[in-house]
Structures are given as structure tokens and as C-alpha cells.
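Open the model in your viewer and keep the selection panel at hand. The stops below go from one chain as a whole to its strands, and then across to the neighbouring chain.

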Amino acid sequence: MDNVFHMHPRAAEHHQSSLDRVIPNESELTAGVRIEPGKSYGFFTDTTVCIGCKACEVACKEWNNLPADNLGLSGQSFDNTGALSANTWRHVAFVEKSGAGGVRAQEQQPFQSGWLMMSDVCKHCHHAPCMEACPTGALFKTEFDTVVVQQDICNGCGYCVPACPFGVVEVSKLDGKAHKCTLCYDRLKGGLEPACAKSCPTDSIQFGEVSDLQGRARRRVADLHARGVPQAYLYGTPGAPGATGGMSHLNAFFLLIDRPEVYNLPSAPSRPSRRVAPSLFSGLAAVAGLTLAAALLFSDAERRA
Amino acid sequence: MPTMSGVVTIAQESRFQLTDEKGVSHLFLLSPHALAEDDDLEPLQREQARVRVTYEPARNILGYRARRIERI
């Protein structure tokens, strides 16, 4: 009876294992949230419960029909995908921590003290630098406040690649277009939870409305602090690391227990567009200074002649 | 260049899955030099049309690059 008690009320409507149609608003059953246009959706990735199973990577590749890449052994522990790329939109990072002198500790504290695992993904930034850099408008904000590349408009210029402070976007050498996580835009439109979050067996990846997720994440940090993990903090929530340099907040944010750089995340990402005005004015000042210097030199030479 | 015939069973952006006569599925990425656009793939998948794909191997991925796709 306990199972029935904790079950979502709508789950009782679908007791059979073989269905003749898609369940309407299925995300209510799987993620406890109804997906509606006009609201802001994202991921909360709690790295303390990630077990590195890579179910998210596989689910992403399966749903999006992405090819397996980086064939062969990488030599980087259990990591065979290496990094986010045009063909890998979820990447599980494996970071082995060693003690003093590079020796493995004999005793380990709970919550991933020896191995740090984190499922990295596009952050779907509130102020997305890739979108600001895109000259064709191929990158756009969807009705779910996520960032997606429209493949028929992308001309493969690659401006979005250096603009992304997280190194997420890549232009594919095979089709010449930019690719990245769409936060399963097609699934959201069909009322389905994104494939990676649905497949996560430990709920390390949680999908939902960003404001709800932020509250849930803050409670989780407080809980971890109470359980003796004082180093736990959020990355990408308003005012936290990762939401610096005009980024406001990240729709896909993380709970970390070590410095961001350990997880291959920038400690203080910023929007390149903020550097346009200083760069322009410093360039104009340099030209003006050189012109003035040249004018002084020539006028001095004319006076002597 | 080698060719393969079958039915387009999945289409996502410029990627599509072709299921051949033996029921084996293969992953293709549409080359920018192909005379087809991403938007042409979805109707083929919806109609379950039989197509012939001219392709070449792609480096470092489990898939092929489609150079030509035509209805048969």
C-alpha cells in the first residue's frame, strides 16, 4: 500500500504495461511537473548522487539519434566520450581525487569524497552568449526558456563556439552546422520529460521549473551541510559561482562539492558581449593616440625643415 | 561510392536512420554537399518511403555521411 500512497494520482489511470497511445502530459508522472509554454524549465544536477552510470549519455544519443564518437579507449579512467561535442550532448565527467602525494586515501568520507562524477550539459543560460553571437538568428529562445539551434538557419560560421564560456557548442565537421543540447525541445512540446533526466536512476539529474528546482537545490545544500558536507554549494543559481559576468542564472545548474575547475567548469564565466564596448573604445583610443603621435612627429619635422 | 537501400525510420536534424532489407538499422548524417535539406528527411520518414542512399564512411563515429538520397 505504501507504493500506492506515494504514487502520483494520475499513475492509477495507466496500470497496464502496454499502452496504445502516448500518455498526455507524461512529465507529470515522471517528473512531477506539467510542461507549459511560457514557463522556464531546466535541470538541477546534484553531483553528490551521480554514480557515473552514463544512462543519461545513452538516453540522449538514443533519443536524438546521435552517433557514438571518439571510438577506442581514451586512457582517461572511465571517461570514453571526453567532452561535450556536436555528437555528445551529455558528458559524464570522472574526476579521481587523490590524497597527499598523489596517494589514494585509505578512508573516505561519504558523498563522493574519492571520485567526483558529474553529468555535464548545455547550461541553457538566461542570457545566452551563443545566442548573442549568432549572426543569422539560428540560435533562439524557445517558449520553454531553453536555447536551441535551428539547423535550417545555421550557416556554420562558428561564432557561437568561442562565445560559449562553457565550451558546449561545436560545429560538426560532417554537416558543417553547430550542434548542442536542445533540452529535448521535441519531447517538451509533446509533454515528455527530457530523455536524460527520465533515465537517471538516482535522480542526480532533475527536470522541472527553474524556480522550483532552485528552491529544491537550496534545501538539498542545507541538508548536506547538516549531514557533515559543509563544502556543498550551488553553481549557476542567482548570485552563486557560475552566474557571474552578466549571466544572471543558468537554467541547467549544479550542486558541487569542490572548486568548479575540478569539474572542468569556469569559476567566473562571463558574456563576451560585455567586452565589446571596452574593446571598441580601447581600439579607438589607440588609433587616436597613434594619430596624435604621428601628427606631432610630422609637425616637428616640418618645423625643423 | 557505396549505396544502401531501405526505409528512413528516424529523422532528427541532419541525422537519419535507414533500416535496410534485412532489418538492420544504420545511422547517416546528411552531407552539406547533398542535394537534400534536413527538412526533406521528415517527410521521407513519415511516408516510410523506400530510398537509396549514396554514402561514404565518416571518421571516428559509428555512422556514415550521406552524399545523395533518392526515392526508389
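pLDDT is the predictor's own confidence in each residue, on a scale from 0 to 100. The model is predicted, and if you colour chain B by that score you will find an average of 93, with 100% of the residues at 70 or above. For the model as a whole, the scores are ipTM 0.91 and pTM 0.87.

**Chain B as a whole**

Select chain B and show it as a cartoon: one helix and five strands make up its secondary structure, and, read from the N terminus, the elements follow the order β-β-β-α-β-β. Along the principal axes, the C-alpha atoms occupy a box of roughly 30 × 25 × 20 Å. The radius of gyration of chain B is 11 Å, which agrees with the value near 11 Å expected for a compact globule of 72 residues. Buried residues account for 35% of the 72 residues in this chain, and, of the contacts in chain B with a separation of 6 or more, 49% are between residues 24 or more positions apart.

**Around the barrel**

Now select the strands of chain B and follow them round: the five close into a barrel in the order β1-β2-β3-β5-β4, with mixed pairing. From one strand to the next, the twist averages 55°. Helix α1(B) packs on the sheet, where it touches β1, β2, β3 and β4 (50-57) of chain B, and its direction makes about 100° with that of β1(B).

The pairings can be visited in turn. Select β3(B) and β5 (residues 64-71) of chain B, which run parallel and are joined by three bridges; here B:Leu30 stands opposite B:Ala66 of β5(B). Move on to β4(B) and β5(B), whose pairing is antiparallel and spans seven bridges, with B:Val53 facing B:Ile69 of β5(B). Six residues lie between the strands in this hairpin, and B:Asn60 there has a positive phi near 65°. Lastly, select β1(B) with β4(B), an antiparallel pair with five bridges, in which B:Thr3 is opposite B:Thr54 of β4(B).

**The side facing chain A**

Which side of chain B touches chain A, and how many residues take part? Display both chains and select the residues in contact: 20 residues of chain B meet 15 residues of chain A. On chain B, β1 (3-12), β2 (15-19), β3 (25-30) and α1 (38-47) each supply at least two residues of that side, and the largest share, three residues, comes from β3(B). By residue class, the side of chain B that touches chain A divides into eight nonpolar, six polar and six charged residues.

**Across to a helix of chain A**

Finish by selecting helix α3 (residues 55-64) of chain A, which is mostly covered, with eight of its ten residues buried. Among those buried residues are A:Cys56, A:Glu57, A:Lys61 and A:Trp63. To see what lies over them, add β2 (91-96), β3 (115-120), α7 (195-199) and β8 (205-209) of chain A, and also β1 of chain B, which are included in the cover. One step beyond the helix, just after α3(A), A:Asn65 takes a positive phi of about 55°.

Definitions and conventions:
Residues are numbered from 1 along each chain as its sequence is written. Chains are lettered from A and ligands numbered from 1 in the order in which they are written. This is a predicted model: local features need pLDDT of at least 70, side-chain atom pairs count only at pLDDT 80 or more; totals for chains, interfaces and linings use all residues. Helices (H or I, at least four residues) and strands (E, at least two) are DSSP runs, numbered from the N terminus. The radius of gyration is taken over C-alpha atoms; the globule rule is 2.2 Å times the number of residues to the power 0.38. A residue is buried if 20 or more other C-beta atoms lie within 10 Å of its own, exposed if 12 or fewer, and partly exposed in between; C-beta atoms are placed from the backbone. Two residues are in contact if their C-beta atoms, placed from the backbone, lie within 7 Å. Ala, Val, Leu, Ile, Met, Phe, Trp, Tyr, Cys and Pro count as nonpolar, Asp, Glu, Lys and Arg as charged, and the others, Gly among them, as polar. Two strands pair if DSSP finds at least two bridges between them. Axes are lines fitted to C-alpha atoms, for helices over the stretch in contact, and angles run from 0 to 180 degrees between N-to-C directions.
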